[in-house]
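Please take a moment with the sequence and the 3D view before reading on. The paragraphs that follow go through the structure step by step, from single residues to the contact between chains.

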Amino acid sequence: MAGTESLRDVTLRPWPAPKKEELSQEDLFLQIQQLTTERGHLRDITEKSLHEDIAAGKDVPDEAKEDVESGAKEKDAPTKQEMLEKVFNAQREMYGHLEWAKFAAENALDLISLVLSQDPNKRSAASFSHTFREMGLSQGIPFGSFGISRENHEFHVRKPDEILRLQEQEDRQVVAAKGSRMESLDSAVDEILKAAKKLEKEVRRETKYWKEIVSVSDKGWPIQRLRQNARHVPFGVRYGLPEASDHFKARGFAPLNMDKDGSIILDPALRLKPKTFRVRISENGRIIGTSQLPIEAECKELPIEKSIQLARDSLLEEELYHEMSLETRQLLAYGVEFRDSVIHVDAPRMGGTSHSRKLLIDCIPRDDSVPGGQERSHDWLAQNVAEALRLLLAHEHSMRLYRRSQLPPPLTGRAREKPPPPLLRTLLAVFRHLEGVGSLHVYLETVARTLNSAGLDVTLTTTLETSWAKLTESLKESSKKGLSATDQLLDVFMKPFDGRATLTLPSWSGQSESMTIATRTIVGQPTFGTEHKLTMPSSLTSDLGLFQELKFSVVEEVKSYIDWILTLQIAHRLVKSEYSSRVVIKTHGQRVTIVSRGTKKGSTASKDISVEVQHGELKVTATAVNPQEGAEDSERVHTWNGQKEAISLKEVVKSWVE
Amino acid sequence: MHELLLYGQVPAGRHDQVLKILAGVAAMQPHRIVERRIIYKPQREPEEPGSNLRRGGTQAVAVKQTKQTAAPALHYTKLVQRLSEEEFGIDAGLPHENTKSLSADVHDGQEPVWSMLFEDVPDTGDRGVSIRFTNTTDLLSGDPHAFMMASGPNSFVTEYYVEGHRYVHGNVVIYLHRVLHEPGVRNLQEAPKVTPPSFSSLELLDPSGAYIFEAKVRVNEFNNSTVLESGVSELKKFQKEMKGCVELALPDRLSLDTRVKYKPPHAPAANTQARPR
């Protein structure tokens with residue numbers, strides 16, 4: 001305790017400060033830095049607080065205290081001499097180490113350089129150390145005079161402990177090698193198993209893919225190798241129709257992708273929703289009939305062949321719609337309109353109904369079902385129109401092939417124009433023809449019935465369309481080679497339609513003079529519609545002073561003209577020939593005057609017989625000309641309208657005139 | 001009308017294969033064609049080459065010679081009869097049938113059966129394809145042989161048959177055919193047979209049975225260079241397409257010569273020597 005007692009007065013002082021009193025700027029910074037690291041912030045460091053800290057003995061490490069205590073006890077203060085000696089010693093020691101390091105490094109360098117200098121290419125004095133150059137090379141040590149070789153230790157006898165160590169090491173290596181080999185074998189087995197599994201999967205996948213390919217091919221779809229040999233898409237299927245127009249032909253091909261499990265994935269082109277075109281019949285804005293294809297079941301569960309077939313069908317329907325929408329541009333004059341992607345076609349008014357009936361044709365997804373609650377009374381018509389249009393496009397396809405296989409015309413500067421296929425035009429022509437011929441024939445039949453009931457001999461033969469009538473014969477003796485019967489059959493519809501009706505003129509006796517009405521329908525040049533050509537016998541025309549051939553474009557005109565002709569025939573030829581001497585023709589009308597044989601001579605009573613054929617009715621009017629005869633029977637009328645009548649025209653006129 | 005032509009040869013063994021390849025290329029089925037061709041020779045003797053230059057010497061010294069035109073050459077012409085296999089006779093056929101004569105009558109709307117074919121020598125120009133002028137006149141009525149004998153006047157030379165298949169690929173008409181002839185009777189004949197002999201009795205002209213591959217583009221506006229170029233390029237494109245299947249080549253121009261050769265008359269030698277050259 002005495003030591004501690006003696007230390008009581010010792011104060012700690014800093015290392016003697018440099019001589020100069022004022023700190024340089026750098027020293028000041030150092031001090032500040034020291035302070036901040038030791039005490040945190042500068043703000044709390046005041047002289048007072050430092051004093052308090054010292055007094056409290058805070059922040060002094062224990063060892064430092066002891067060191068201070070012991071050091072202070074042993075060497076009170078090292079003398080300057082000792083300090084210098086210590087520094088010198090340290091310096092010397094350091095130099096010694098450095099020398100050693102340099103020497104060893106140079107030796108190593110020299111050794112390597114000397115070894116390397118065996119090779120003349122690496123023989124350079126600069127690679128040796130300075131010392132060796134001076135002391136060795138210049139003294140005559142030749143290059144390449146030092147060699148290194150591997151030593152054979154075969155007969156080297158090792159010390160037992162070394163042997164033991166080596167043995168142990170070897171054993172350990174063997175064990176380690178065994179372990180690692182086992183591990184790698186393990187992983188190899190894993191890999192092989194994995195590969196086998198994968199191979200098995202691949203084989204299963206390929207088998208499945210090929211099985212499906214074969215089944216697609218067996219169904220008759222042409223399979224084709226893809227040009228770019230993509231890995232999962234080796235094949236494609238061509239399902240488009242071979243003679244479709246270019247755009248649709250290009251769409252008619254789809255690659256058959258391979259799925260993960262090998263089944264064929266549908267290509268996007270195949271997976272498109274199949275479309276169909278739809279014909280609706282609207283009457284006064286109300287839909288009364290819709291065409292429809294059978295709706296297929298859920299798309300996802302279909303086998304591949306089925307979806308290929310659906311895609312093919314859809315392609316045909318789309319092409320049909322496309323061609324028709326192009327065709328509408330030419331047919332505006334015929335009442336065909338294209339509005340909101342719907343083709344509006346005026347439908348015929350069959351049976352004289354006054355409803356405005358229209359066909360609406362559009363293209364819809366095939367799955368769309370017809371909303372219920374619609375009137376289905378004209379589904380048959382819509383369905384037939386749709387089927388007819390499909391047939392026409394199919395016919396156009398085979399005609400394209402036929403035209404393509406004919407000898408091409410020699411090349412000229414003018415490009416050959418490709419007319420769009422007549423689809424709507426054919427439809428329109430059929431409608432118009434049936435409408436025109438139908439109403440005309442209905443009228444002619446009424447007239448014929450009326451005239452027959454009036455005792456006039458009339459026969460009527462009608463043909464709706466001449467080439468349809470003799471279709472079988474024309475097909476049988478056809479000379480066109482390379483066209484199937486179906487195409488020849490459909491080819492009939494591409495030609496102008498010819499209807500023909502022959503009506504024998506009314507006569508008392510069986511002599512036959514007949515007039516012919518030929519109806520020709522072309523949507524295009526030269527008639528642009530229906531034309532009725534009326535041909536009359538020359539005897540009639542010469543008698544009445546008429547033209548032998550007349551052309552009409554409207555059925556109403558034909559009707560009224562035939563009415564007029566029949567009137568004239570009956571009045572001017574039949575009645576006139578019957579009462580040949582007594583007939584006086586005053587006007588060029590439907591009126592003839594017959595001078596009756598009076599019972600008394602001198603009093604000549606004459607009657608005007610007026611004949612009128614109108615709307616299938618025959619009306620005969622007799623009017624007394626002589627006013628002095630009295631008006632008791634001034635006008636008598638008899639009408640035939642087709643019902644069975646006992647009395648004939650001849651008898652009626654006779655009864656009046658006699 | 002001008003024809004642009006390229007020819008190739010197909011050995012008999014490859015015929016079926018080429019037929020199938022062509023069906024794929026042209027995307028159509030082959031069209032079977034059997035034809036009879038009858039060759040006529042003009043009766044007038046051709047003039048000696050260069051004789052027109054010597055003719056009509058003038059005494060006017062200063063008159064410049066007008067443009068020297070070549071002597072109009074005389075050409076062999078052909079009659080072509082389109083046949084079907086049923087039209088061939090049963091047996092070999094008699095060489096002369098005086099009772100019947102050929103008839104080219106066809107009904108309205110039918111394809112003409114007989115036509116007269118004139119083919120010029122191919123042009124000398126080199127465009128990579130053979131170009132020649134041709135003219136086809138369809139005969140619609142009458143006796144074609146009598147017509148040919150009277151017009152010209154011509155004399156009958158020989159007749160032969162061509163059978164093959166035709167394809168149309170764009171504007172290229174592909175005609176794969178071979179020539180048949182009736183053996184033996186050629187020298188005796190003086191007129192074409194009215195009914196052809198049976199098809200089986202005909203023999204191949206080339207006994208190896210090789211087929212001639214003819215690719216033809218017909219050009220109407222020969223003077224329009226763009227039209228001609230498009231025709232030539234289409235034919236060459238086809239030639240390239242067929243490379244490796246059938247090698248199409250430009251035929252030797254003179255092998256397609258249809259001109260009647262000038263033969264010097266059998267005059268005594270003294271006569272020719274007397275003519276000053």
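## A walk through the predicted model

Apart from its neighbours within four places in sequence, Glu396(A) is in contact with Arg403(A), Pro421(A) and Pro422(A). The structure shown here is a predicted model, and Glu396(A) is a convenient place to enter it. This glutamate belongs to helix α11 of chain A, which covers residues 379–405. Glu396(A) counts as buried because its relative accessible area is 9%, which falls under the 20% limit used for that word. Its partner Arg403(A) also appears at the level of side chains, since the side chain of Glu396(A) makes a polar contact with the side chain of Arg403(A) at 3.0 Å.

Helix α11 of chain A also holds Asp379(A), a residue that is buried with a relative accessible area of 15%. When neighbours within four places in sequence are left aside, Asp379(A) is in contact with Ile288(A), Gly289(A) and Thr290(A). The C-alpha atom of Asp379(A) is separated by 8.6 Å from that of Gln292(A), although the two residues are 87 residues apart along the chain.

A further charged residue, Arg357(A), lies in strand β9 of chain A, which spans residues 357–365. Arg357(A) is likewise buried, with a relative accessible area of 14%, and its side chain makes a polar contact with the side chain of Glu283(A) at 2.9 Å.

These residues can now be set against chain A as a whole. Its secondary structure comes to 18 helices and 19 strands, and of its 658 residues 34% count as buried. Among the contacts in chain A with a separation of 6 or more, 55% are between residues 24 or more positions apart.

Which residues have the most contacts inside the largest nonpolar core? They are Ile570(A), Ile609(A) and Leu618(A), in a core of 45 residues. Helix α17 of chain A, residues 555–578, supplies the largest share of this core, with 10 residues. For Ile570(A), once neighbours within four places in sequence are left aside, the residues in contact include Leu451(A), Leu456(A), Pro506(A), Val611(A) and Leu618(A). A second core, separate from this one, has 32 residues, among them Ile288(A), Tyr321(A), Leu423(A) and Leu428(A). Ile288(A) has already been met above, as one of the residues in contact with Asp379(A).

The last part of the tour concerns the place where two chains meet. The size of an interface is often given as the accessible area lost when the parts come together. Between chain B and chain A that buried area is about 1,400 Å², with carbon and sulfur atoms giving 58% of it. On the side of chain B, Met28(B), Asn171(B) and Arg218(B) lose the most area to chain A, and together they make up 35% of what that side buries. The contact takes 20 residues from chain B and 14 residues from chain A.

How many residue pairs are in polar contact across the interface of chain B and chain A? The rule finds eight such pairs, whereas it finds zero salt bridges across this interface. The elements of chain B that give two or more residues to the side touching chain A are β6 (154–169), β9 (211–219) and α4 (225–241). By type, the residues on that side of chain B divide into nine nonpolar, eight polar and three charged.

Technical notes
Residues are numbered from 1 along each chain as its sequence is written. Chains are lettered from A and ligands numbered from 1 in the order in which they are written. This is a predicted model: local features need pLDDT of at least 70, side-chain atom pairs count only at pLDDT 80 or more; totals for chains, interfaces and linings use all residues. Side-chain values use heavy atoms; hydrogens and water are left out. Contact means heavy atoms within 4.5 Å. Buried area is the accessible area (1.4 Å probe) that two parts lose on being put together, summed over both. A salt bridge is a side-chain nitrogen of Lys or Arg within 4 Å of a carboxyl oxygen of Asp or Glu. A polar contact is a pair of N or O atoms within 3.5 Å; within protein, one must be able to donate a hydrogen and the other to accept it, and residues adjacent in sequence count only if both atoms are side-chain atoms. Helices (H or I, at least four residues) and strands (E, at least two) are DSSP runs, numbered from the N terminus. Ala, Val, Leu, Ile, Met, Phe, Trp, Tyr, Cys and Pro count as nonpolar, Asp, Glu, Lys and Arg as charged, and the others, Gly among them, as polar. A nonpolar core is a set of buried Ala, Val, Leu, Ile, Met, Phe, Trp, Tyr and Cys residues joined through side-chain atoms within 4.5 Å. Buried means under 20% relative accessible area, exposed over 50%, partly exposed in between (1.4 Å probe, protein chains only).
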